[in-house]
There are 4 protein chains.
Amino acid sequence: MHFDSDYTSTCHPLILERLAQTQGQHFDGYGTDAITLSAREKIRALCQRPDAAVYFLCGGTQTNMVVINYLLRSFEGVLAADSAHIAIHESGAVEFTGHKVLNLPSRDGKITAAQVDDYVNNYYADPNWEHIVPPGMVYITYPTEYGTLYSLSELEQLSAVCRKHNIPLYLDGARLGYALAAEDTDVTLRDIARLCDAFYIGGTKCGAMFGEAVVIPDGRRADRFFSHIKRHGALIAKGWVTALQFDTLLDGDSLTDTPYYNICSHAVKEAMRLKNSLIGKGYTQPVDSPTNQQFIEISLQQAEELKQHITYGEWEPPRGNKVTIRLATSWATDPKDIDKLIELL
Amino acid sequence: MHFDSDYTSTCHPLILERLAQTQGQHFDGYGTDAITLSAREKIRALCQRPDAAVYFLCGGTQTNMVVINYLLRSFEGVLAADSAHIAIHESGAVEFTGHKVLNLPSRDGKITAAQVDDYVNNYYADPNWEHIVPPGMVYITYPTEYGTLYSLSELEQLSAVCRKHNIPLYLDGARLGYALAAEDTDVTLRDIARLCDAFYIGGTKCGAMFGEAVVIPDGRRADRFFSHIKRHGALIAKGWVTALQFDTLLDGDSLTDTPYYNICSHAVKEAMRLKNSLIGKGYTQPVDSPTNQQFIEISLQQAEELKQHITYGEWEPPRGNKVTIRLATSWATDPKDIDKLIELL
Amino acid sequence: MHFDSDYTSTCHPLILERLAQTQGQHFDGYGTDAITLSAREKIRALCQRPDAAVYFLCGGTQTNMVVINYLLRSFEGVLAADSAHIAIHESGAVEFTGHKVLNLPSRDGKITAAQVDDYVNNYYADPNWEHIVPPGMVYITYPTEYGTLYSLSELEQLSAVCRKHNIPLYLDGARLGYALAAEDTDVTLRDIARLCDAFYIGGTKCGAMFGEAVVIPDGRRADRFFSHIKRHGALIAKGWVTALQFDTLLDGDSLTDTPYYNICSHAVKEAMRLKNSLIGKGYTQPVDSPTNQQFIEISLQQAEELKQHITYGEWEPPRGNKVTIRLATSWATDPKDIDKLIELL
Amino acid sequence: MHFDSDYTSTCHPLILERLAQTQGQHFDGYGTDAITLSAREKIRALCQRPDAAVYFLCGGTQTNMVVINYLLRSFEGVLAADSAHIAIHESGAVEFTGHKVLNLPSRDGKITAAQVDDYVNNYYADPNWEHIVPPGMVYITYPTEYGTLYSLSELEQLSAVCRKHNIPLYLDGARLGYALAAEDTDVTLRDIARLCDAFYIGGTKCGAMFGEAVVIPDGRRADRFFSHIKRHGALIAKGWVTALQFDTLLDGDSLTDTPYYNICSHAVKEAMRLKNSLIGKGYTQPVDSPTNQQFIEISLQQAEELKQHITYGEWEPPRGNKVTIRLATSWATDPKDIDKLIELL
């Protein structure tokens, strides 16, 4: 049984079926084909932004470096939680593009509007401000690396403070589907398109083979984005392959009708079953995650035993006799496996 | 009928069949899975280099920037034909990594050992050499952008001059299959692995959905290449998807048994049928291409008529009343379409 | 006797005198001091641009990389003559900032408005334009590396074509003084400030110890230029040292009253004496230079003999029995040395 | 009276005298002149490293970016205190070269061998290490930004841990003279040359007009450093101007005979007089600095009054009613001014 991540199962069968139907077809290159146009229109409709620029890239690190390098002026940095993916797990991809990641302390993966406001105000108040990297944009993950979510009110505050300071807000939605499908969330895809200056709808971790859909809601702010993508080596010749996956996953009259939503909803439901059981058994959870990633602290001995039965993610190096592990569900999670996991724990 | 490029048809059916077989399977992330290991071993065997480092990336521009930036010291440049893909069509991806492309004049896409030797000798003879970007590696395309090929003797001379000057030779094999399957070539994959310091086996333009296989024959020269890939945003989580395509296409006891070879051989055969007919009809070909890309000069009027029946590539902006067009075959080319095209021309 | 370059003599005595007068004084750091403000105002007045942004940097390569990287968007390239300093002699500094140098062929170091117009038009006419580095600005040297000058009409045409295509025109004035002091020039400093979007007034090669004064005539286009300079390591703590040199050299009611002009005028006069003599003696000059650099073709034997008496610059590696050498005058050139040189030749 | 920094007075008179003596002399360009060779030899002798590579650059930020970018592989980062100059006050110059600054927490500007050892060990212990920026070198300032010093034992431990992990140790000596001239230090210049893989001897803040002398004790590790400098725009044509300042300041049979040492010794002595008085008066010092920078916490009211009489540096934005200020001495500090300052406080 596999709970190590949400990208370790093959892709959703609908995508393979759709791929099989392409036999004998001809596609224009580099994302100028009909499937790409169709997928773009579906995303525009779901976001209620007919003017949005939509591009399909291959992976999350790539998307982050392309978007961040596009939005920032050369000497600016990007504000992010100190636990953010771009701050730690991207091998310096942001620095490769010449930009500094400006860390904000965070315990649950989230940052606050007040933190952003203080940072920007302190920056301009510093007598040496012109010698210091200016905060040129804000990066958030949604869900965060800890599975946590912003409320609509929190997102609105973040957006407002960014607009007050005239810096873009960018949302990394590598696992966006799990956020949208969370049980008590009050944030919709349309809210995100309204509140963020750029974001991406993650495919790789939500049932696709690979692919992330970048959305810049105000399409006028995407001038020459195509060439910018190419310059980062992020443009593939058969762009339709990436777009096809989103065209399939995001097909539906409304978001809740789409396979994307239903795949993620399934994963979240199973994660909640697991979570409730864990709470009942008295496990310590470092964060309260309403999405498909659940974290628990267990003893090294228990970790060793668990390894005989399942795969899981080791979240941090062990401290003393304890280790925090990640259990992730996905489109492929069999409810029976959750039952068995609950028995094991 | 489509002759505009070799990447505008969907992918080869064998790949879709193989993908369908992955249902229900679990794969470790980032290229640490069993399919990646298998594909790597197949490539090592075909190259007769059991020690080779093999990595799977998504596209050609990406591969070029990753490999070139890895092989060069920070202040060095890359020697290439002035018609080379990296010199023109990659939106400055090489410059993005901080390196200058040092142009060598070329009429058919090829460069010679003598040109490289002269360039390096002149560099060190220049009184201002320390102020000038040094030639730190040589980049060639094979086949070239004009479909032309190096002979074994030419490749051996290029390799020898590079080794004399202690600079790596890198071969961009975006269309490598068509070169290996050319009728009169005396160059084998093993020759390439013996003579080059790095090269890639192109997938995107040879029947795959996407993907290029980087080979560094002496694996000791690939230290931390994995992290280097990640830093360029070129690592995808489900690395098995890329590897699977090569594991499928390169399956066989010897290269000529593989689907990769047979796909490309088919395309080359059809291109040769077309070429012979074109010669018979008295067309002017700017270069003599033995591979799947054929170039002919036609009148603007003929070009306009042709557009009613087929897609083709316009190779250069028209000059006067003439335009050079590209006709490309691929795995998907139907021999009957070649028959019809011959009738049209 | 030294004719190898214009930067091999110590600096003009006026600068040392002025430096000596700073004893006991206090200066604010990083160019916020009174001398910097004074030098800036003098330059603004001479350019008749009271709104100009003026910054003082240390050297020519540094200035070029800072200005070019500031003016270009990340994916754009800079158009320049293939003999331009940035194209050859700056160790890839422009590429280090991520930008491609787009070469225009040139025989005398100059480029034409028609070349720029054609390049930009061809760029947008190319079916693959979005995959190609766009021409984002134009770089010219004045005087050129061959000592040649643009006429006012040529400069106006270049400026007009740049404005037509909405790309900035940047003038590298490493030896600007020699151009302004040339005998028959019809171009003034005010013309340059009117026609260019950025330029620099060279100090290092015109009598200073070091230093170049960047001018952006429309100061509103220099937002955060200070931080941009700092990020390139181009800001020195005692900024007054650089500014002092320009405050001294550019002191005067009008340009022709300034030491800068008079220094360069002296050098040009001596160069013209030499040139006229060379013409009289029947020497071949590859270009007709009206400034302080004179080029002649001599035999290798004569070159060897000359070396016993003077230093000179070898301009290119010898061809056959001939070599082109550069003879440069400067503020420090003693007319008696020119007399002796004429005797030697 | 000026106590705001050590770089706000003009330069030491010896340098101006020496400059005046250059009248009428000829110097080869770009640091190939006799003065540069002489200064290089003096530094080699003082360091007891006849094989050292020595280069003269213009400023501290420039030197840091050039050296760090030279020592690191492209995907590596530099370990530094979170208060380090490169981490905060260099406008992202290190990130501009593509490298991440990896922060180590510090309260007095220093880092420990144990911190470095832990960081490197944790890095390789992390299950995701290949996705994380590796610590490729260690950067320390000496004295630190807080005026504090490493003991010989601390430096030896840092050096040992770096050599154990095979990563270079680089020492930023912007104010090195004040460290060498500190009263109780047990660290000599030779120790630094023995324990560090690269360092620089600061000129700008120790009496020069500008300039920093980079020393790579094992000269074999400086291959093509010259071209690397040029590529960063950090090479000036009249290299002798920078070298002359070091040739003057470092003239002497031993370090303690040199003007450099004596200038800094004077500044430290006056700083110690001030410090002892401050302690006597009961001021709170956030750190115990044995060098020319002294920090005290005062009330906002006192700060306002002080401003009427002296210039000082505001070290951090005020907290509540308190502000920490910096009082710096230099070669130019008049002992009578220290007397007056003591009266004021």
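Here is a short tour of this structure, stop by stop, to follow in your viewer. Keep in mind that you're looking at a predicted model.

**Stop 1: chain A by itself**

Hide the other chains and colour chain A by secondary structure. You should find 14 helices and ten strands. The radius of gyration of chain A is 20 Å, close to the 20 Å that the globule rule gives for 345 residues, so chain A is as compact as a globular protein of that length. Turn it around: along the principal axes, its C-alpha atoms fill a box of roughly 65 × 55 × 35 Å.

How much of chain A counts as buried? That's 59% of its 345 residues. Now trace some contacts through the fold. Taking the contacts in chain A with a separation of 6 or more, 74% come from residues 24 or more positions apart.

**Stop 2: helix α3**

Select residues 60-71 of chain A, which make up α3. Is this helix mostly covered or not? It is mostly covered, with twelve of its twelve residues buried. Click along it and you'll pass buried residues including A:G60, A:N64, A:I68 and A:L71.

Try a distance check here too. At 1.5 Å a residue, the twelve residues of α3(A) should span 16 Å, and its end C-alpha atoms are 16 Å apart, so the two agree.

**Stop 3: where chain A touches chain B**

Bring chain B back. Here 41 residues of chain A are in contact with 41 residues of chain B. On the chain A side, the elements giving two or more residues are α1 (13-20), α3 (60-71), α5 and α10 (225-231). Which of them gives the most? Select α1(A), which supplies four residues. Colour this side of chain A by class and you get 17 nonpolar, 19 polar and five charged residues.

**Stop 4: turn A onto B**

Keep both chains in view and superpose chain A on chain B. A rotation of 180° does the job, with 0.0 Å of shift along its axis and an RMSD of 0.0 Å. That is the relation of a two-fold axis. The same surface serves both copies, as 100% of the contact residues of chain A recur in chain B.

**Stop 5: where chain A touches chain D**

Finally, swap chain B for chain D. This time 21 residues of chain A are in contact with 21 residues of chain D. Select α5 (93-96) and α6 (113-125) of chain A, since each of these supplies at least two residues of the side that touches chain D. By class, that side of chain A has eight nonpolar, nine polar and four charged residues.

Technical notes
Residues numbered from 1 in each chain as written. Chains lettered and ligands numbered in written order. Predicted model: local features only at pLDDT ≥ 70, side-chain atom pairs only at ≥ 80, totals over all residues. Contact = placed C-beta atoms within 7 Å. Nonpolar A, V, L, I, M, F, W, Y, C, P; charged D, E, K, R; others polar. Rg over C-alpha atoms; globule rule 2.2 N^0.38 Å. Buried ≥ 20, exposed ≤ 12 C-beta atoms within 10 Å, placed from the backbone. Expected span 1.5 Å × (residues − 1). Least-squares fit on C-alpha atoms with pLDDT ≥ 70 in both.
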